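Trainee: I should like to understand how the terms applied to this structure are justified. May we look at it together?

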Amino acid sequence: MPHRVFFLNGPNANLYGLDKHGTYGSESFASIEARCQHHAAGLGLALDFRQSNHEGVLVDWIQEARLHADAIVINAAGLTYSSVPILDALLTFDGPIIEAHMSNIWQREHFRHHSYVSKAATGVIAGLGALGYELALTALAALLKP
């Protein structure tokens, strides 16, 4: 039975590819999801790819992952820098957690340099666009092997 991974995306991730400044690249969210689904299947992972603009929904999904997932990839987006509830939920998860960001958050505004998610994360990938999402899945596949 394949390991199940919840891949959780926060506010505005559904707008990837539409940013006129190109901060997150030109690839659409749907295209990124398709890439991740394809990559996960090749790694033998069952991927549950989700996005919400609402903090409480993300917390609910993290709590759901405690019972139904072996690992989490999370890009909490703007909530990365402000959400103690997301951190608290992640701290209750027993499996590996990869924090992933499309942009390099340390090259951006100062307020983005602190991540609450990082306290719970096994590892962090940032600044590689959609490739970083695929690398997060590759890392989890390796971490989940016995």
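Trainee: At which residues does UniProt place the feature "binding site"?

Mentor: The unreviewed UniProt entry places this feature at N75, D88, M102, S103 and R112. UniProt positions follow the numbering used here, feature names are shortened, and annotations may be inferred rather than shown by experiment. Please note that this is a predicted model, in which local features need pLDDT of at least 70 and side-chain atom pairs count only at pLDDT 80 or more, while totals for chains, interfaces and linings use all residues. Residues are numbered from 1 along each chain as its sequence is written, and side-chain values use heavy atoms, with hydrogens and water left out.

Trainee: Why is M102 called buried?

Mentor: Buried means under 20% relative accessible area, exposed means over 50%, and partly exposed lies in between (1.4 Å probe, protein chains only). M102 has a relative accessible area of 5%, so M102 is buried. S103 is likewise counted as buried because its relative accessibility is 8%. M102 is placed in the loop between β4 (97-101) and β5 (123-126), and S103 is found in the loop between β4 and β5. Strands (E, at least two residues) and helices (H or I, at least four) are DSSP runs, numbered from the N terminus.

Trainee: What makes the contact between R4 and D48 a salt bridge?

Mentor: A salt bridge requires a side-chain nitrogen of Lys or Arg within 4 Å of a carboxyl oxygen of Asp or Glu. The side chains of R4 and D48 meet at 2.7 Å, N to O, so the pair satisfies the definition. R4 in strand β1 and D48 in strand β2 are 44 residues apart.

Trainee: Which residues are linked with this pair in a network of salt bridges?

Mentor: The network links R4, D48, R50 and E64. The side chains of R50 and E64 meet at 3.0 Å, N to O. R50 lies in strand β2 and E64 in helix α2 (residues 55-68), so this pair ties together parts 14 residues apart in sequence.

Trainee: How do you know that R50 is buried, and what is E64 called?

Mentor: R50 counts as buried because its relative accessibility is 13%. E64, at 28%, is therefore partly exposed.

Trainee: Which residues touch the most other members of the largest nonpolar core?

Mentor: Of its 24 residues, they are V5, V73, Y133 and L137. The largest share, seven residues, comes from α4. Such a core is a set of buried Ala, Val, Leu, Ile, Met, Phe, Trp, Tyr and Cys residues joined through side-chain atoms within 4.5 Å.
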